[in-house]
Amino acid sequence: MENNNQMMDLNEQEMLALYKTMTHLITVRRDCSIERDDGIDLDQWLTLKLKQWYAQLLLTAPVQWLPVEDVKADVSLTVDQRGVVTATVPTRCVRPVEWRLAGWHSSVTTFLDPQDPLVRLQLNPWTRGSACRPAATDHGDHLVLYSVEPGSTVALELARCVVRPADGCYCFHAAALDSLPALDS
């Protein structure tokens, strides 16, 4: 995982404690205890809010704030007779960042939505992406990469993606703390 010194790596309990501290939900008094069983489970509710926040952060935050990993070892490629490559993306990948096939002159960093009108251009061999101007369509569980010379061997040089930490931790840049949800939302 590509990290820098500003990245925070917290487990679920550490993240919950940090959020409670930031929202002033940690009481200072520790010399007594009061228990009630008719209210909501605050920790469960806050944990759900944090999971929703983190899922949205992985989808929309700047890449520099997030865990990014080169997953090329876990990608399977198939190429059709037209030279169009389909890459199956590992389940831990949330969104692609930078992909490059061997022979391409540059990486793809902007990924087309399947409904984008520019995808139609990829159906024609004369307007399709090529080694000089590659293109890619993000279908969630796979990417379609345009393209390679028909009949050539295909190899992946780079497959950087924003990834969901495998252990369920929260890994993000400290700057993302400003985007934590308020309690009233």
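Two strands are taken as paired if DSSP finds at least two bridges between them, and by this criterion strand 4 and strand 7, the latter made of residues 142–146, pair in the antiparallel sense over four bridges. The model examined here is a predicted one, and its sheets are described before its helices and aromatic residues.

Within the pairing of strand 4 with strand 7, Thr-86 has Val-144 of strand 7 as its bridge partner. Strand 4, residues 85–88, is also paired with strand 3, residues 76–79, again in the antiparallel sense and over four bridges, and here Val-79 stands opposite Val-85 of strand 4. Strand 3 and strand 4 form a hairpin with five residues between the strands, in which Gly-83 takes a positive phi near 95°. These pairings belong to an open sheet of four strands, whose order is 3-4-7-6 and whose pairing is antiparallel. Strand 3 and strand 6 (135–138) occupy the edges of this sheet and have a single partner strand each, so that one side of each is left without a neighbour in the sheet. From one strand to the next, the twist of this sheet averages 20°.

A further open sheet is built from three strands in the order 2-8-5, with antiparallel pairing. Its edges are held by strand 2 (68–70) and strand 5 (93–101), and because each of these has a single partner strand, one side of each is left without a neighbour in the sheet. When direction is ignored, neighbouring strands of this sheet are turned by 20° against each other on average. As a general matter, the strands of a sheet pair through backbone hydrogen bonds, in either a parallel or an antiparallel manner.

In the three-stranded sheet, strand 5 and strand 8 (residues 156–163) run antiparallel and are joined by seven bridges. Several residues of strand 5 can be placed against their counterparts in strand 8: Arg-95 has Val-162 as its bridge partner, Pro-96 stands opposite Cys-161, and Trp-99 stands opposite Ala-159. Helix 2, which spans residues 42–60, packs on this sheet and touches both strand 5 and strand 8, with a direction that makes about 20° with that of strand 5. On the other side of the pairing scheme, strand 2 is joined to strand 8 by three bridges, and these two strands likewise run antiparallel; the bridge partner of Glu-69 in strand 8 is Cys-161. Cys-161 therefore appears in two pairings, opposite Pro-96 and as the partner of Glu-69. Burial is pronounced in both strand 5 and strand 8: eight of the nine residues of strand 5 are buried, which leaves this strand mostly covered, and seven of the eight residues of strand 8 are buried, so strand 8 is largely enclosed by the rest of the structure.

Helix 1 comprises residues 12–22, and its buried residues are Met-15, Leu-16, Tyr-19 and Lys-20. Seen down the axis of the helix, these buried residues fall within an arc of 135°, so they line one face of helix 1. In general, an α-helix has 3.6 residues a turn, so residues three or four places apart point the same way. The elements that cover the buried residues of helix 1 include strand 1 (7–10), helix 2 and strand 9 (170–173). At the N-terminal end, helix 1 is capped by Asn-11, a side-chain oxygen of which lies 3.1 Å from the backbone nitrogen of Gln-13, while the helix is followed by His-24, whose phi is positive, near 60°.

Strand 9, one of the elements covering helix 1, is also the place of His-173. With a relative accessibility of 16%, His-173 counts as buried, the cut-off for this class being under 20%. The side chain of His-173 reaches the backbone nitrogen of Ala-175 at 2.9 Å.

The structure also holds four aromatic pairs, and one aromatic cluster is formed by Trp-53, Tyr-54, Tyr-170 and Phe-172. In general terms, a pair of aromatic rings is described by the distance of the centres and the angle of the planes.

Definitions and conventions
Residues numbered from 1 in each chain as written. Predicted model: local features only at pLDDT ≥ 70, side-chain atom pairs only at ≥ 80, totals over all residues. Heavy atoms only, no water. Phe/Tyr/Trp six-rings, centres within 6.5 Å; stacked < 30°, edge-to-face > 60°. Axes fitted to C-alpha atoms, helices over the stretch in contact; angles between N-to-C directions. Contact = heavy atoms within 4.5 Å. Buried < 20%, exposed > 50% of the residue type's maximum accessible area, 1.4 Å probe, protein only. Arc of directions from axis to C-beta. Polar contact = N/O pair within 3.5 Å; in protein donor to acceptor, adjacent residues only side chain to side chain.
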